[in-house]
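Visitor: I have not looked at this structure before. Could you show me how to read a sheet and a cavity in it?

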Amino acid sequence: MNKSILPKDAFNTNNLKTFCLDLTEKTILNTLSDAVSVLTHHGQSVFFNQAWANDNDLQTIEKDHPEDWKTLLSDGDSFTLQKVVKQALPQGLPFSQDMLLRNTRNNAFWRMVRLTPYRVVEGQVLLWLLTLTDIEDRKQTELGLVRKNKLLMDMLNISQDCIKVLTPDGRLQHMNKSGCMALGVDEHSGFGMQWLPLLPQEVREKGEEALHAARNGKHARFSGMSCVPDEDPRYWDNLLSPVPDASGAVDAILCISRDVTVQHHSEQRIELLMHELNHRSKNTLAVIQALIRRTVPDPKADYVSVLDKRLISVAKSQDVLVKGEWAAMTVHDLILSQTAVAGDLLGSRIILQGDPSLRLKENMAEIIGLPLHELTTNAVKYGALSNQEGVVTISWNIETTETGKIFRMDWQEAHGPDVHVPDHTGFGSILIARHPANAKGVKISYTFPEGGVKWALSVPADIMLQTPHIS
């Protein structure tokens, strides 16, 4: 800013020479790459630099009237500039704003319009610099980012999943419309509130555990629900994923909640039907027991007792299947429960070989329990247990390999009828050969050699067994 001392009558608008620039000032202004005009404190243009004359967009104005550049502004920006000139210039206030102009060729272009005090005398601004800086590249980048962000926001809002971005300490940074509706939050609230208190009390503990895991860089998942007044509860499958920054530290947490209300109700209905089926099946077995006792000549005969025990074993095995009571089972107990349909053949025609103390993880017990039950049923109907000589050997152990400890289980039938590959793959075959193979790390072999059906399972021991039993 050039602070010079002028005569007292310098502020007289008739003394225009007071507002003239010397040759040095003009030379300096002409070296600038931005288009610059010098204005009096009344807004009159007294100088335009060379960059102004060379600006291709501004050259569409009559050369004798460069001050008419304001006609290229939109009505809104023109009004803003007039207001600034009228109010801000007399007060000596600088001004800066991005403005869109449109030249006589109807080409739109962006300039940053700035008003800056230039010559000040006795505290009053006599001259101002009006600068038009070309910001086309920067503005197009900004507008591109705005369009991209809008597209991303529209995509998030279209999704029926509830999508939330959390800070590591669990505060809501952003949430799409579905999330706002599910949690009863105003989408224009600005967020910033804690996420966990928005959840029902009964699922907050699981949410806290998942948040802690995600905060420490691990993916986490939990089932939850939401309750909005005057609406039925909705059930959700929540997946939390850590979002790392450039250094690898967790910068944010992405939480995607999928509405599984329909699935939840379906599972409830299936569970109800399964328990009803179990109840009716057990009633049927009880009726069969009663019919046997009433039909046979001697209800106290040994073979009647054997039949009773076999029916009771079938009922117990069915309970495990229907109720899913797999927790804390050893391999030995699992085999006993799933071979009960064969009756009292254990030890004579069903041979068990393995450590009875090996304890299974709950999810893996279910995965191998179903195929064992199906293998036993098939053996009784078609295989080694369908005649009087056949034998089934079930063995299990832990093997040490180059890749680590492996749990192995083998089912081998012998002395039964000839077996062959089934003509078609039914539900039972899927349970035996495919169901376990869908689990992590499990490998299955299901073959039909001449000696009888052979089924083999192998899986890393730390996946299959509870850790204390892995040595």
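**Sheet and cavity**

Guide: Begin with one facing pair: Val165 stands opposite Leu254 in S11. Keep in mind that this is a predicted model.

Visitor: In which sense do S7 and S11 pair, and over how many bridges?

Guide: S7 and strand S11 (residues 250-259) are antiparallel partners, joined over five bridges.

Visitor: What is the order of the strands in the open sheet?

Guide: To read a sheet, list its strands from one edge to the other. Here five strands run in the order S8-S7-S11-S10-S9, and the pairing is antiparallel. Strand S8 (172-175) and S9 are the edge strands, each pairing on one side only. On average, neighbouring strands of this sheet are turned by 25 degrees against each other, direction ignored.

Visitor: Which helix packs on the sheet?

Guide: Helix H6 (residues 201-215) does, touching S7, S9, S10 and S11. The direction of H6 makes about 150 degrees with that of S9.

Visitor: How many cavities of 30 Å³ or more does a search of the whole structure find?

Guide: One. Its volume is about 110 Å³.

Visitor: Which residues lie nearest the centre of this largest cavity?

Guide: To read a cavity, look at its lining. There are 14 lining residues, and Leu183, Leu199, Trp236, Asn238 and Ser257 lie nearest the centre. By type, the lining divides into nine nonpolar, four polar and one charged.

Visitor: Which elements each supply at least two residues of that lining?

Guide: Strand S7 (162-166), helix H5 (177-183), strand S9 (220-226) and strand S10 (234-244). S9 gives the most, with four residues; S9 is also one of the edge strands of the sheet.

Notes:
Residues are numbered from 1 along each chain as its sequence is written. This is a predicted model: local features need pLDDT of at least 70, side-chain atom pairs count only at pLDDT 80 or more; totals for chains, interfaces and linings use all residues. Side-chain values use heavy atoms; hydrogens and water are left out. On a 1 Å grid over the protein atoms alone, a cavity is a set of points where a 1.4 Å probe fits but cannot get out, and a pocket is an open set with protein on both sides within 12 Å along at least five of seven lines; lining residues have an atom within 4 Å of a point. Grid points are joined across faces, edges and corners, and a volume is the space filled by probe spheres set on the points. Ala, Val, Leu, Ile, Met, Phe, Trp, Tyr, Cys and Pro count as nonpolar, Asp, Glu, Lys and Arg as charged, and the others, Gly among them, as polar. Two strands pair if DSSP finds at least two bridges between them. Axes are lines fitted to C-alpha atoms, for helices over the stretch in contact, and angles run from 0 to 180 degrees between N-to-C directions. Contact means heavy atoms within 4.5 Å.
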